[in-house]
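Subject: Structure for you to look at

Dear colleague,

I am passing on the structure we talked about, with the sequence alongside. Please open it first, and then read on for what was found in it.

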Amino acid sequence: SEFIVAKDLQKTEKVETTKVKNMEIMGEITFEAAMEKARLKKEIDALKKTVTALEQRLGNKSYAKKAPAHLVQQTKDELEKGKTELKRLETELKEL
C-alpha cells in the first residue's frame, strides 16, 4: 500500500471519492489481478474441502440416522450455502 498526498488528483474511473466534513478525500484504486487470483484460488480450495466434508457427513448413514433432525438440516443448509458460494467464487475467478 502507498499513501501519497497530492493537490491535483483528477477524477477518473480508478479514483474513489468521499467527503469528510468540508474536505474531499480521493484515492486511486490499484488492482493486482495476480494477487486476487491467488486469494480466490485459496478461498476456493478451502471451500471445496468444506463442501466435501459436508457431503461425506451427509453420506454417512449413521450420521443421518443418529443425529437430531435439526443438525442434519443444518448440515444440508451449510452444504447448499457452500456450493452456492463456490460457484460464485469460481465465476469471479474466471472473469478476472
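The protein chain contains three helices and two strands, and from the N terminus on these elements run in the order β-β-α-α-α. Please keep in mind while reading that this is a predicted model, so that everything below is computed from it.

Of the 96 residues in the protein chain, buried residues make up 16%. The chain exposes about 8,500 Å², and carbon and sulfur atoms supply 53% of that area. Among contacts between residues at least 6 apart in sequence, 48% join residues at least 24 apart.

Helix α3 is a convenient place to begin, and its residues are 69–95. With 27 residues, α3 reaches 39 Å from its first C-alpha to its last, which is close to the 39 Å expected at 1.5 Å a residue. Its buried residues are Val-72, Thr-75, Leu-79, Gly-82, Leu-86 and Leu-89, and these pack against α1 and against α2, the latter covering residues 61–66.

Two of those buried residues, Leu-86 and Leu-89, also belong to the largest nonpolar core, which has five residues and includes Leu-40, Ile-44 and Leu-47 as well. Helices α1 and α3 each supply at least two residues of this core, and α1 gives the most to it, with three residues. If residues up to four places away in sequence are not counted, Leu-40 touches Leu-89, Glu-92, Leu-93 and Leu-96.

The charged side chains deserve a separate look. In general, side chains of opposite charge can pair when their charged atoms come close. A search of the whole structure finds six salt bridges, and three of them are described here.

Arg-39 and Glu-92 meet through their side chains in a salt bridge, at 4.0 Å from N to O. This pair links distant parts of the chain, since Arg-39 sits in helix α1 (residues 33–59) and Glu-92 in helix α3, 53 residues apart. Both partners are partly exposed, Arg-39 with a relative accessible area of 38% and Glu-92 with one of 25%.

Lys-83 forms a salt bridge with Glu-55, and here the closest N and O atoms are 3.6 Å apart. This pair, too, links distant parts of the chain, with Lys-83 in helix α3 and Glu-55 in helix α1, 28 residues apart. Lys-83 is partly exposed at a relative accessible area of 34%, and Glu-55 is likewise partly exposed at 37%.

What separates Arg-88 from Glu-92 within helix α3? Because the two residues are four residues apart in that helix, they are separated by about one helical turn. An α-helix has 3.6 residues a turn, so residues three or four places apart point the same way. Arg-88 and Glu-92 form a salt bridge in which the closest N and O atoms are 2.9 Å apart, and Arg-88, at 42% relative accessibility, counts as partly exposed.

Glu-92 therefore appears in a salt bridge with Arg-39 and in one with Arg-88. These three residues are part of a network of salt bridges that links Glu-36, Arg-39, Glu-43, Glu-85, Arg-88 and Glu-92.

With best wishes

Key. Residues are numbered from 1 along each chain as its sequence is written. This is a predicted model: local features need pLDDT of at least 70, side-chain atom pairs count only at pLDDT 80 or more; totals for chains, interfaces and linings use all residues. Side-chain values use heavy atoms; hydrogens and water are left out. Buried means under 20% relative accessible area, exposed over 50%, partly exposed in between (1.4 Å probe, protein chains only). The expected span of a helix is 1.5 Å times one less than its number of residues. Contact means heavy atoms within 4.5 Å. A nonpolar core is a set of buried Ala, Val, Leu, Ile, Met, Phe, Trp, Tyr and Cys residues joined through side-chain atoms within 4.5 Å. Accessible areas come from the Shrake-Rupley method with a 1.4 Å probe; for residues, only the protein chains shown count as cover.
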